[in-house]
Amino acid sequence: MDNIMDNVTIPDFNSLLQMDPYLKPYEQDFKRRYGLFEKGLLQLEKAEGGFDQFTRSYRTFGVNRQPDNSLLFREWAPAAEALFLTGDFNGWDNFSHPYKKTEFGKWELCLPPKSDNSPLVDHKTKLKVVVHTKAGERLYRISPWAKYVTQVEKQVTYDWVHWDPPEPYLHIHTRPKKPQSLRIYESHVGIASPDHKIASYTDFTINILPRIKDLGYNCIQLMAIMEHAYYASFGYQVTSFFAASSRYGTPEELKLMIDTAHSLNIVVLLDVVHSHASSNTEDGLNRFDGSDSCFFHSPPRGEHTLWDSRLFNYSSWEVQRFLLSNLRWWMEEYRFDGFRFDGVTSMLYHHHGIGSGFSGDYSEYFGLQVDEDSLVYLMTANHILHTLYPDCITIAEDVSGMPAMCKKVTEGGLGFDYRLAMAVPDKWIQILKELPDESWDMGNIIHTLTNRRYGEKCIAYAESHDQSLVGDKSLAFWLMDKEMYTNMSSLVSMTPVIDRGIQLHKMIRLITHALGGEGYLNFMGNEFGHPEWLDFPRKGNNESYHYARRQYNLVDSEHLRYLQLYKFDRDMNRTEDKYGWLAAPPAFVSTKHEEDKVIVFDRANVLFLFNFHPTRSQKDYRVAVHFPGKYTIKLDSDEKQYGGHGRLNHNTEFFTEPQPFNQRDNSMLVYIPCRTALILGNDDAESCY
């Protein structure tokens, strides 16, 4: 194999080695991966005429109306003995409409139009594929390519509903350009309402999109859109990969929602689950053709023991067709702007990350434990997406720290644009759980926020949906707990607990935003300190929606302190939009003072000052400055409108002196109140922009 790899040339591999020479010993691994990637593309070219047609297979699989209004049905069911189509259109006759077997395990059926030339299967009528197995079973299945599935109330399984509207939604607005600074609002449509119900696409369009725009987020990451039979799975147990969840409304309503976001210059990412699939059989992919494989590896390789789900066989031609076409479908049909790939760690390793601590030793990322079929699939997916859609954004949810994850495929990387900085929220929760304020370790905080691979972009976040799930608590709830129920009125003085919580909530978010990455993510509602946790209706809570909602009404009450946190989050994003620190090179940290609890750094020509000390304000405190000149306050967490104490005069001007300090040529004296974060801007530098 290594001899074959000698003939493989990774076009820009030297760029990767210049960035990280320690990868040189693993050159053969990189070559093998790239060789497999190249071979796959070549095979696509020969067999399918290239990836453009291959990834549009949703036009030829499932059901598709032809120009003459006939309907062409096609499925891949290699282990099946026979396939029939049944449904409302034929009075649920199980035998009247057989599929014809073609090559490579495919089955086809063509239904001519009615006498009035309309399609034989009407829009919004129900269908089923009847699968006869070699063992003599008769199975009723939903097409893996179904574009719309619904669940009748109190019915356990989903129905395949033919979706072919007479007037499909036509997108009006063009896609926004890819943002330089990515500020992500992680969202779940179903919980996007204070009401005890499943909210709709329309609710989100009318009520939530304007809030996201006002807050200064330029990207929405949508969870739980791919259809999932179990609502409480948070969308991570997908049953129908091409169907947008019907519990929130119709496909056309989702298209309108995305189009409206585009009109607001907001890009929309889909939380895509290609790492595994629900083990449901009647309304999922599992045992579609009666076998224990088909789309998946046979057990035990094809089963995820912790998730109770099925694992794809990424080396299978038809599985690649299905998954790559799935990505294309969401980009083309719904106009998504990219993807957050879920469960990448599980995909990359045969051990799926179970029981692996990942010390960072490079040997952990190469060798037999790596599932190269999955890895090459991700390289191929990223290559195709970025070739077809140059502004497409892909984000990897990976906890392992795989090197070159966010490097171009031509450098030997996996081709992602960003990875999630998953250690950051864990660090904040650990600090709040375990350490009193006076024991916070400034150096350890800085290390966690800056410990990322140079040249590979990260999305930083203080908390995501993971930290809000039942069994855990949001940052606000860790900070203020039960006092949030009684003491959040701004008409009375803050209790010590609320005061501490309000100030630290702002500081944690700003330092994460400014120091932690090249993008920033917030889970819906957490920007204003949403109380409590998330829990979906289930038997264990009497099917209650009490915790499966976001109480945006709290922000609409002028007398509650939630509005103060909301305003800070909004102005933090707007300040970033002006100065662009997320798109700037990493920060230079000039001060990390353990006793004073002070952190100072500069990034994108602005100076960030944090005083985490619970009681000690710092007067005439010398800080290092890169650019000389006059500095003024651009953001102040201590402002009264943000629930602060208003201890700073915003007319104050700070002037630098040519006095070297902490590895900078200039410095100045500042006042930083306790538990306060400040951004100072250089007015002289701004006038030069």
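These legends describe close-up views of a predicted model.

**View 1. An open sheet of four antiparallel strands.** The strands follow the order S1-S2-S5-S4. Strand S1 (62-65) and strand S4 (100-101) are the edge strands, and each pairs on one side only. Strands of a sheet pair through backbone hydrogen bonds, either parallel or antiparallel. S1 and strand S2 (residues 71-76) run antiparallel and are joined by four bridges. Asn 64 has Leu 72 in S2 as its bridge partner.

**View 2. Helix H15, residues 496-515.** At 1.5 Å a residue, the 20 residues of H15 should span 28 Å, and the end C-alpha atoms are indeed 28 Å apart. Of these 20 residues, 17 are buried, so the helix is largely enclosed by the rest of the structure.

**View 3. A nonpolar surface patch.** Leu 306, Trp 307 and Ile 354 make up this patch of about 280 Å². Leu 306 is in the loop between strand S16 (303-304) and strand S17 (309-310). Leu 306 counts as exposed because its relative accessibility is 62%, and the cut-off for exposed is over 50%.

**View 4. A salt bridge within helix H3.** Asp 29 and Arg 32 form a salt bridge, with 3.0 Å between the closest N and O atoms. Both residues belong to helix H3 (residues 27-48) and are three residues apart, about one turn of the helix. An α-helix has 3.6 residues a turn, so residues three or four places apart point the same way. Asp 29 and Arg 32 are both buried.

**View 5. The salt bridge of Arg 538 and Asp 535.** The closest N and O atoms of this pair are 2.9 Å apart. Arg 538 is partly exposed, with a relative accessible area of 28%. Asp 535 has 9% relative accessibility and therefore counts as buried, as buried means under 20%.

**View 6. A salt bridge between Arg 664 and Asp 602.** The side chains meet at 2.9 Å, N to O. Arg 664 lies in the loop between strand S28 (654-655) and strand S29 (666-672), and Asp 602 in strand S24 (residues 598-603), so the pair ties together parts that are 62 residues apart in sequence. Arg 664 counts as buried at 14% relative accessibility, and Asp 602 is buried with a relative accessible area of 11%.

**View 7. A network of salt bridges.** Asp 20, Asp 398, Arg 419, Arg 453 and Glu 456 are joined into one network by salt bridges that share partners. In the whole structure, a search finds 48 salt bridges.

Definitions and conventions:
Residues are numbered from 1 along each chain as its sequence is written. This is a predicted model: local features need pLDDT of at least 70, side-chain atom pairs count only at pLDDT 80 or more; totals for chains, interfaces and linings use all residues. Side-chain values use heavy atoms; hydrogens and water are left out. Two strands pair if DSSP finds at least two bridges between them. Helices (H or I, at least four residues) and strands (E, at least two) are DSSP runs, numbered from the N terminus. The expected span of a helix is 1.5 Å times one less than its number of residues. Buried means under 20% relative accessible area, exposed over 50%, partly exposed in between (1.4 Å probe, protein chains only). Patches are made of residues with over 30% relative accessible area and no salt bridge: like charges are joined within 9 Å, nonpolar side chains (Val, Leu, Ile, Met, Phe, Trp, Tyr) within 5 Å. Accessible areas come from the Shrake-Rupley method with a 1.4 Å probe; for residues, only the protein chains shown count as cover. A salt bridge is a side-chain nitrogen of Lys or Arg within 4 Å of a carboxyl oxygen of Asp or Glu.
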